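Here are a few short exercises to work through with the model open beside you. Try each task before reading its solution.

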Amino acid sequence: MTTAVENVAQLDDTIVAAATPNGRGALALIRLSGPEAFSIAEKHLRPLPSQPRVTQLCTVHHGDEVLDQALVTVFPGPNSFTGDDTVELSTHGGYLVPSSVIAALISSGARQAVPGEFTRRAVLNSKLDILQAEAIGDLIDARSQAMRRAALGQLDGGLSRRLLQLRGSLIDLEALIVYDIDFPEEDDGPVPREKVDKAALIREGAIVVIAGPPNAGKSSLFNALLGRSRAIVTEMPGTTRDALEAVIDSGEWPLRLVDTAGLRQTDDRLERLGIEVSERYLADAHVVLACAEDPESLDETVDLIARNSSAPILPIHTKADLVSEGDQIVWRQPAISVSAETGAGLQDLLGAIDEVLRKEHGEIALDLPILTRARYRRALSLACSELEQFQRAWREENLPVTIASVHLRTAVLALEELIGTVEIEDVFDRVFSSFCVGK
């Protein structure tokens, strides 16, 4: 039996798949690509468009049966997404029409594509490199404006160009070693450490932990920032027993809001487990919102959080709508007053979070490449480690040049695997298995 991986290697196949999700909808986009794409399409389209990249209304049929009317565009290779002859059919949506059209094309010789196969062919046909292909997946999965911008920058080839320049420099250095010529020792590395950390924040979101004593309005604040009810809100202390997470994109940075159990001493075993979860989130936080209703509780909360987290702490005066204009409350430390009930202060709070992240991690400058995947970070870490070992061996002259240069070659290979300039079928399998079928 032929496996999916074996099918992917059959580049002579003509493949077909829907590029839009199954289900009720106005339209569906069907892609047909491969050496026989035009001849297969001609059997089911009246007429087959003759002009490339000009959309035409066609009747889709199977034998004598009309299946649909579709807007059809043809893309002769190599001037197509995959590099092969490609036909795109925009049919009516729903379950039956797209599946009937795909079944008809398969009956005439096309094969159902496996996930990511269209983009994989684009890489194999040198229309994209593997970093750009992964950027497509990141763009589809983007949950924030920052991640969208980072993915578009990578799709444009920013990271690929930087790595190719680095690889070229290393190969030049290998050539110099042949002639035993020295090289500059000052090197800040290909990508600064802070860029690696910043990329994780852009892809996953900065962890913003909402912490404080029970019944301090944490869950109400979580719901207000999220714009919908995710956390149960009651007047009973200790209602939140586990951490709730949600990602919001309302400022410069994507934020992973975490609503945690109230911090207090308790003999309730279940509540204690929830507090331990809160403490673990505090240890991993990028920013902590210390919530309390009065100055004394706020000071105690800030002190308690500081013992469990090294992250910046923003003091938050919750339930500000319950304080009348005539009340005089003296806060011993600056606090942001917010009301989950009226929405007052929420924009100030989001602005303050952005400012803290900006101070800690700098501006999001997407004109420089950002390492948005763990695979990138592993490959560059290996390359940096090998370069450091090579520099040490060269400087101390404790290894023959031929042996020391092995580190240089390993660094080059790490970069080549990253950008897909060597045979890396296992990497392709991992990358494209997460794509949708029609991509």
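Two residues are in contact when heavy atoms of theirs lie within 4.5 Å. Keep in mind that this is a predicted model.

**Exercise 1.** Find the surroundings of Ser33: is this residue buried or exposed?

*Solution.* Start with the location: Ser33 belongs to strand 2, residues 23–33. Next, take the accessibility. Buried means under 20% relative accessible area. Ser33 is buried because its relative accessibility is 0%. Now list the partners beyond four places in sequence: they include Asp13, Thr14, Ile15, Phe118 and Arg121. Finally, look for polar partners of the side chain. It makes a polar contact of 3.0 Å with the side chain of Thr86, and one of its polar atoms lies 3.4 Å from the backbone oxygen of Asp85.

**Exercise 2.** Trace the open sheet: in which order do its 6 strands run?

*Solution.* Walking across, you meet the strands in the order 9-10-8-11-12-13, with mixed pairing. At the edges are strand 9 (244–248) and strand 13 (336–337), each paired on one side only. Strand 13 pairs with strand 12 (residues 313–317) in the parallel sense, over 2 bridges. Here His317 stands opposite Ser337. Then add the helix: helix 11 (residues 295–308) packs on the sheet and touches strand 8, strand 11 and strand 12. Its direction makes about 150° with that of strand 11.

**Exercise 3.** Check the confidence: what is the average pLDDT of the protein?

*Solution.* The average is 79, and 78% of the residues score at least 70. Then look at the low stretches: pLDDT stays under 50 over residues 1–9 and also over residues 178–193.

How values were computed
Residues numbered from 1 in each chain as written. Predicted model: local features only at pLDDT ≥ 70, side-chain atom pairs only at ≥ 80, totals over all residues. Heavy atoms only, no water. pLDDT = per-residue confidence, 0-100. Pairing = 2+ DSSP bridges. Helix = DSSP H or I, 4+ residues; strand = E, 2+ residues; numbered from the N terminus. Axes fitted to C-alpha atoms, helices over the stretch in contact; angles between N-to-C directions. Buried < 20%, exposed > 50% of the residue type's maximum accessible area, 1.4 Å probe, protein only. Polar contact = N/O pair within 3.5 Å; in protein donor to acceptor, adjacent residues only side chain to side chain.
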